[in-house]
Amino acid sequence: MSEARDSAEAVRGVSALPVRSGRLRARVARLAAEPLAASQRAFNDAVLRLVDALSERLDSVAREAIGAERRTRELDERLLRIERQRGADAQQRTVAAQPRQDALPDYFAFESRMRGPTSEVLDRQRPYVDLLRDASPVLDVGCGRGELLSLLRQAGVAACGVDADADMVAFAVGEGLDVVWSDVHAYLEAVEDGSLGAIVALQLVEHLPPAGVVSLFALAARKLRPAGVLVAETINPLAPQALRHFFADLTHAQPLVPGTLELLARDAGFSDVEIRYLNAPVERLREPALPIGGEWDAARSLLAENVRLVNDQLFAPLDYALIGRR
């Protein structure tokens with residue numbers, strides 16, 4: 001307070017100086033006001049640092065809350081799974097031909113963490129309902145907890161599922177879904193040829209060895225009726241971010257690029273094949289602002305093209321779906 005008062009007195013004193021030069025008067029006034037300006041700048045900097053710290057803390061709390069909510073949903077599903085697995089064979093948890101799941105003490109919990117809680121999976125699989133609306137009966141192979149089957153039931157589409165993991169089947173059956181515990185290939189072998197309208201394999205083929213993928217597509221071609229639909233969704237290995245998810249899951253066999261899956265589908269007898277890219281990341285590079293006009297226009301165009309190329313490579317969709325028709 002004394003410093004501010006002295007500065008104010010100095011400013012008032014300037015006006016009383018018998019000096020006629022306006023330039024000298026302005027200089028003296030600036031010198032007298034500088035301590036006030038410095039104090040204000042220091043105060044402003046302190047306020048900005050405090051606001052930044054509070055903003056970072058709020059962001060951290062929000063992230064922690066989202067993580068806690070996600071873990072709570074996972075725990076709810078695991079507890080529900082435990083209740084529903086009573087009576088299941090405790091000695092054999094999977095009948096898959098490639099039982100890598102047995103290497104994990106709790107595959108259900110592991111897969112739930114990798115793929116996310118059912119609410120998130122429902123949102124990702126919802127677009128398939130329109131594709132399958134007129135394709136009943138639908139068979140979901142490797143159906144897991146049965147999210148797609150739940151969506152199809154709500155839409156009035158006849159559908160059933162099969163999964164090799166006993167815990168997944170127990171969970172899905174507890175939801176009132178028509179799901180069988182069986183090896184996918186063995187189950188398909190027993191299905192009547194030409195009896196299905198659609199076969200869906202979401203996030204399954206990356207778990208199979210090469211021969212398993214080939215035989216799955218061959219079986220699908222036999223079991224589907226004319227114009228039947230095969231849907232095979234998998235991780236997009238052309239996206240760097242997707243590869244992180246692929247290698248995080250110890251039960252994955254190999255990544256499958258879209259060209260490989262398309263070739264296998266055509267070899268199996270699917271003449272009409274389409275690739276749809278799904279789940280693009282929200283984060284993308286933004287084009288920085290540049291001045292307008294003159295030589296900046298060419299620079300802006302070149303920069304926009306480079307940003308687009310980088311986004312296409314680094315932020316490509318995380319998944320893709322092969323849709324094949326006989």
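On a 1 Å grid over the protein atoms alone, a cavity is a set of points where a 1.4 Å probe fits but cannot get out, while a pocket is an open set with protein on both sides within 12 Å along at least five of seven lines; lining residues have an atom within 4 Å of a point. Grid points are joined across faces, edges and corners, and a volume is the space filled by probe spheres set on the points.

The model is predicted: local features need pLDDT of at least 70 and side-chain atom pairs count only at pLDDT 80 or more, whereas totals for chains, interfaces and linings use all residues. Residues are numbered from 1 along each chain as its sequence is written, and side-chain values use heavy atoms, with hydrogens and water left out.

**Cavities and pocket**

The whole structure holds 2 cavities of 30 Å³ or more. The volume of the largest cavity is about 50 Å³. Its lining consists of R115, Q125, D140, G142, C143, E147, L148 and L202. By class, 3 of these residues are nonpolar, 2 polar and 3 charged. Here Ala, Val, Leu, Ile, Met, Phe, Trp, Tyr, Cys and Pro count as nonpolar, Asp, Glu, Lys and Arg as charged, and the others, Gly among them, as polar.

The largest pocket encloses about 630 Å³ of space. It is lined by 25 residues, of which M114, R124, H245, L318 and D319 are the closest to its centre. Elements giving two or more residues to this lining are α3 (107–115), α4 (118–125), β5 (224–235) and α10 (240–248). Helices (H or I, at least four residues) and strands (E, at least two) are DSSP runs, numbered from the N terminus. The pocket lining comprises 7 nonpolar, 8 polar and 10 charged residues.

**Salt bridges**

Side chains of opposite charge can pair when their charged atoms come close. A salt bridge is counted where a side-chain nitrogen of Lys or Arg is within 4 Å of a carboxyl oxygen of Asp or Glu. The search of the whole structure gives 8 salt bridges, including the three tabulated here.

| Salt bridge | N to O distance |
|---|---|
| R126 and D123 | 3.4 Å |
| R133 and D130 | 2.7 Å |
| E274 and R276 | 2.8 Å |

Salt bridges with shared partners also join E189, D193, R222 and K223 into one network.

Residues are buried under 20% relative accessible area, exposed over 50% and partly exposed in between (1.4 Å probe, protein chains only). R126 is partly exposed because its relative accessibility is 41%. In the pair R133 and D130, R133 has a relative accessible area of 38% and is therefore partly exposed, while D130, at 57%, counts as exposed. E274, at 31%, is partly exposed, and R276, at 35%, is partly exposed.

**Surface patch and a sequence-distant contact**

F43 lies in helix α2 (residues 22–84) and counts as exposed because its relative accessibility is 53%. Together with V47 and V51, F43 forms a nonpolar surface patch with about 270 Å² of accessible area. Patches are made of residues with over 30% relative accessible area and no salt bridge, like charges being joined within 9 Å and nonpolar side chains (Val, Leu, Ile, Met, Phe, Trp, Tyr) within 5 Å. Accessible areas come from the Shrake-Rupley method with a 1.4 Å probe, and for residues only the protein chains shown count as cover.

R326 sits in the segment after β7 (319–325) and is partly exposed, with a relative accessible area of 40%. R326 and F270 are 56 residues apart in sequence, yet their C-alpha atoms are 4.7 Å apart in space.
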